[in-house]
Every structure is written in structure tokens, then in C-alpha cells.
Amino acid sequence: MNSKVEPEYCRASELKAFDDTKSGVKGLVDAGITNIPRIFHQPTNVLHNISHAPNNTNTKFKFPIIDFQGVENSADLRKDIIEKVQNASENWEFFQVVNHGIPINVLEEMKNGVHRFHEQDSELKKRYYSRDLTKKVLYNNNFDLYRAPTANWRDTLAVQMVPNPPNPEEIPAACRDILMEYSKEIMKLGNLVFELLSEALGLKPNHLKEMDCEKGILVLSHYYPLCPQPELTIGTSKHADNDFLTLLLQDCWYMGRVVHDGLTRTNYPIWVYMGECCNL
């Protein structure tokens, strides 16, 4: 009588074997896998909470969407926007901004640049692969791969743009020019949000900036390739960002699908999240 004996699972060995490929989850997809490694399997309770999230179609869930149109030109509009920012920050800790001033072509090209980097030949990406978080430019899968209980299904390119940005030639050519342009635009928007938050607190507009809250920009370009077993894993686990603000640009799959007051927003909104440092 023959019986099939499953080989003993060694998580540490599987982690190292995956990390040593320096190809991330995109490499697994390119290799044609049909079963994802166990290091990506999420606990059943996490998967259950996601798949059984409340779905009451009778409840209209409206998250804060704030229109920044006229914020620099009208004192009355600015006052109204500040009140909305204050309410959203206190009650939600995040909001979505439309008419934020960043040109659509910049946002489109930034997304395209992220795709170009992650979808290029793996050998071209490997030169940036590292777990040295002091590097100004690095690419890897899960910065906490060896510490987290399970790995997330995503790859990330991280570039520290402020302060002391890398030399342009250190940034991958696939997204070099647009990443530098996008960072400048995000810096302007971030400074405006800090001004509005300062005024919402009854302080002068430059208060938070004078505290050096804006003295750092880390651009994280996450990539979530199609997963052959999406029922077993997730792309981002529950977390809080260890910063003052997170400004998030979502991919095109999410654009134009947000309905607010009967209007579909197609303005390429930017999400603003209050980080842990901002909540102190």
C-alpha cells in the first residue's frame, strides 16, 4: 500500500528561495505558476473577514470627497474647504481630493512608468533589488518579508526623493523622468494639504511646514500582478503608515468609478491619508 507523504514545510527555506530569485511575484507569474507559494497564504480569519465584509445595498456609504477648485483664489471657498478637511481628518482620517491641480497627463504617465518598470525583463530589475532600506532606490517584494507572518502579493519600487534625492541616473530609466516630475507635483499638493490642516487647527498656514513635516518624500510604486489563486492571498494587509501624510494615486481600474451626489468622478482623484505621525 502506497501513501503519499507531503514534504515537510520549511517557511524559512521557502522565503529565502523566493527572495533569492530577485524577481518578485511578477517573476512567479512569468514562470507560469498555478499554485502560489505557502508564504503568501493568508490566515483563514483574514480571508474570511474580507470575503464576508458587509454588503448592505440599502446603505449609501459616502466617504469624503473634497473639491480643491478655487482654494488659492477665493477666501470663502478656502474656508469651506478647510472645514471639510478638518471634518474628514477628525472623523475619517482620510479623504479624496479632486481638482487638485496635478495634470492628468502627469498622473497617466506616472502609472505607465510604474507598469514599464515592473513589466520589463527581470534581469533589468535585479540590479535594483535589495533589502537595504538605507538605499535611495530599491526594488523588492515586501519590505518586511522575513518579519511579517505572511507575505503580500505585490512588488514595490521605492525611491527616496526628499531630502537628498538620488542622482537621476540612479533612478530606473523606465520611470526616471516622470517620477521626478510627479514628485514635484506631489510636493506642491502635500504642501497645500499641510497649509489647510494648519489652518484647520487655528494656526498660521506654514505652521506644519515650519515643523519640517514635509521634509521627506518616499515614492512607493506598488505592483499587483494577476494572481492564479487570489482566494488565498491579498495585496496589502491591514496597516497604518508611519508618516505624516500618504498621498495615493490608484491605478486606472479604480478611476471614474466613484459616485458622489449622483456624479461619477473622473478627475483622477488623489487619496489623502493621515499617517501615524500626523495623528500624534
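Helix α1 (residues 11-21) has Leu15, Phe18 and Asp19 as its buried residues, where buried means under 20% relative accessible area with a 1.4 Å probe and protein chains only. Viewed down the axis of α1, these residues fall within an arc of 95°, so they line one face of the helix; the arc is taken from the directions from the helix axis to the C-beta atoms. Their cover includes α2 (24-30), and after α1 comes lysine 22, with a positive phi near 55°.

A word on the source: this is a predicted model, where local features need pLDDT of at least 70, side-chain atom pairs count only at pLDDT 80 or more, and totals for chains, interfaces and linings use all residues. Residues are numbered from 1 along each chain as its sequence is written, and side-chain values use heavy atoms, leaving out hydrogens and water. Helices (H or I, at least four residues) and strands (E, at least two) are DSSP runs numbered from the N terminus.

Now to strand β9 (residues 270-274), where four of five residues are buried. Its partners are listed here; strands pair if DSSP finds at least two bridges between them.

| Partner of β9 | Bridges and sense | Residue opposite tyrosine 273 |
|---|---|---|
| β2 (residues 94-98) | four bridges, antiparallel | phenylalanine 94 |
| β6 (residues 245-248) | four bridges, antiparallel | threonine 246 |

Finally, helix α4 (residues 75-91) packs on helix α7 (residues 176-200) at about 85°, with axes 9 Å apart. That makes the two helices roughly perpendicular, a label for angles of 65 to 115 degrees. Among the residues in contact (heavy atoms within 4.5 Å) are Ile81 and Val85 of α4 and Leu192 and Leu196 of α7.

Definitions and conventions
Buried means under 20% relative accessible area, exposed over 50%, partly exposed in between (1.4 Å probe, protein chains only). Axes are lines fitted to C-alpha atoms, for helices over the stretch in contact, and angles run from 0 to 180 degrees between N-to-C directions. Angles under 35 degrees count as roughly parallel, over 145 as roughly antiparallel, 65 to 115 as roughly perpendicular and the rest as oblique.
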